[in-house]
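Good morning, everyone; I would like to walk through one structure today, going from its helix packing to its sheets. Please keep the sequence and the model open while I talk.

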Amino acid sequence: MKIKIDQKTAVQNVMDLLAAEGPSFGEGPVAELVKQKLLAAGCRPEWIHENVGKKRLTKKFTVGNLVVKIPGTVDAPRLMFSAHLDTVPICRGAVPLKKGNRIVPKGKTGLGGDNRASVAAVVTMVQTVLQKNIPRPPLTLLFSVGEETGLHGAKAFEPADGGNPSMCFNLDGSGERGGVIGALGAIRWEASVQGKSVHAAVNPEGGISSAIIAANAIAALKKEGWSGRINKRNCNGTANVGTLHGGEVDNQVMDSLRVTGEWRSHSPVSLKKISNIWKKAFEKAARELKNDRGECGSVTFSAASDYHSFRLKKNEPVVKRFLKAAPLAGREARTEIINAGLDANVLNEKGIPTITFDAGNHHAHALNEYVDIPRYLEACRLATLLATLP
Ligand SMILES: [Zn+2]
């Protein structure tokens, strides 16, 4: 099957979308622009659903997800395409500039190619399919909000909102990758360390320092190889202390300290093991530090799963479809597993098998971010093939 993309329109789409405002929590302007482009491409107003999942999002969000349901012309399972709308703060005020084969930021900002190149590729796919009247199954588009701040839009999306699609192609990421068929899971944790406060000079022996408890626990974990990159025989992942907040004044033994951090792993079993080891290390440190009356401190741990790891099998229909379409669009038929979280983690967890591929963006979240135009056009073709392959 030959797919021809109108390259001029495709490049215009990405230039327009890069210029639109839409940081996390403030995706309104970019959502509106996407809606206008889809209407101009031939989408009917009743296919477009704004603010989907808004009630399930925190009040900080000005808009919810933009969901579009395009009726099919052939009888086949519904396919979904997703791309997050939000950009990170470094992209504020970005002005895109075409420079040879690249689009770069004009000033000292990020570009926002993460993830506007992807949004533009999905928009271009819809324009191509509708204007050329290519036979298609029913299609769902999910333009999610708040990906960068914790996959919020994807978490607020329910498969029924999108007509229960059979599979999803998520466009995101930076650098030239294969189709992402696996990513790790993450847990955010908080340890509340309780000691005993006394005057630090008059009666230091009577105190129990929460700072020392935490320090002993963290040092022991590091020494045993359970902090930073964890590479044990049956356990792999990473662990990090992110913040420490405690104490009030210098002449008082610190009685309370809040420690927060994260654990990540591709394996749920490893994640469980890492969390147990960390809890035990803090409890042991609290038990072992005693004051002159034999009293010790205590630790309360709370942990919440940020997102779960996933691993798609090579024979999953979504993977097979991707591997079939990629070479037709000029890309390698390649898959890979990454060390980051994506909307795909959440969609897979919700039962929609989801593969992720890039739309030509490079150096996301940095001042030297750029979109590679040939790679972006390839993504437009690939999305169109994925939507329409019989
Ligand atoms: Zn992204």
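Before the first helix pair, a word on handedness: a crossing is called left-handed if the near helix is turned anticlockwise from the far one by less than a right angle, and right-handed if clockwise. I should also say early that this is a predicted model, in which local features need pLDDT of at least 70 and side-chain atom pairs count only at pLDDT 80 or more, while totals for chains, interfaces and linings use all residues. Residues are numbered from 1 along each chain as its sequence is written. The helices (H or I, at least four residues) and strands (E, at least two) that I name are DSSP runs, numbered from the N terminus.

Let me begin with the domains, whose bounds come from an automatic or database domain assignment. That assignment gives domain 1 as 7-183 + 310-388 and domain 2 as 185-307, and the C-alpha centres of the two domains lie 40 Å apart. Contact here means that the C-beta atoms of two residues, placed from the backbone, lie within 7 Å, and on that basis 6 residues of domain 1 are in contact with 4 residues of domain 2. On the side of domain 1 that touches domain 2, the residues divide into 2 nonpolar, 4 polar and no charged, where Ala, Val, Leu, Ile, Met, Phe, Trp, Tyr, Cys and Pro count as nonpolar, Asp, Glu, Lys and Arg as charged, and the others, Gly among them, as polar.

Now to helix packing. Two packed helices are described by the angle between their axes and the distance between the axes. The axes are lines fitted to C-alpha atoms, for helices over the stretch in contact, and the angles run from 0 to 180 degrees between N-to-C directions. Helix α3, residues 113-131, packs against helix α9, residues 373-388, at an angle of about 50°, with the axes 8 Å apart. That makes α3 oblique to α9; the convention is that angles under 35 degrees count as roughly parallel, over 145 as roughly antiparallel, 65 to 115 as roughly perpendicular and the rest as oblique. The crossing of α3 past α9 is right-handed. From α3, the residues that meet α9 include Ala117, Ala121 and Met125, and among their counterparts in α9 are Tyr376, Cys380 and Ala383. The residues of this contact between α3 and α9 divide into 10 nonpolar, 4 polar and no charged.

While we are at α3, which peptide bond is cis, with omega about 20°? The cis bond joins Asp114 and Asn115, and Asn115 lies in helix α3.

Helix α9 also takes us to a sheet. This is an open sheet of 4 strands in the order β4-β5-β18-β17, with antiparallel pairing, two strands being paired if DSSP finds at least two bridges between them. β4 (96-99) and β17 (361-362) stand at the edges with a single partner strand each, so one side of each is left without a neighbour in the sheet. β17 is joined by 2 bridges to β18, residues 370-372, and His362 has Tyr370 in β18 as its bridge partner. α9 packs on this sheet, where the helix touches β5 (102-105) and β18 and makes about 65° with the direction of β18.

Let me move on to the other sheet. Here 5 strands form an open sheet in the order β10-β11-β12-β9-β13, again with antiparallel pairing. The edges are β10 (228-231) and β13 (298-307), each with a single partner strand, so one side of each is left without a neighbour in the sheet. On average, neighbouring strands of this sheet are turned by 20° against each other, direction ignored. β9 (residues 185-194) and β12 (residues 256-265) are joined by 10 bridges, with Gln194 partnering Ser256 in β12. β11, residues 236-246, pairs with β12 over 8 bridges, and His245 stands opposite Arg258 in β12.

Two helices belong with this sheet. α5 lies across β9, β11 and β12, at about 20° to β12, and α6 touches β9, β10, β11, β12 and β13, making about 160° with the direction of β13. The axes of α5 (residues 210-223) and α6 (residues 268-288) come within 8 Å and cross at roughly 135°, and the two helices are therefore oblique to each other.
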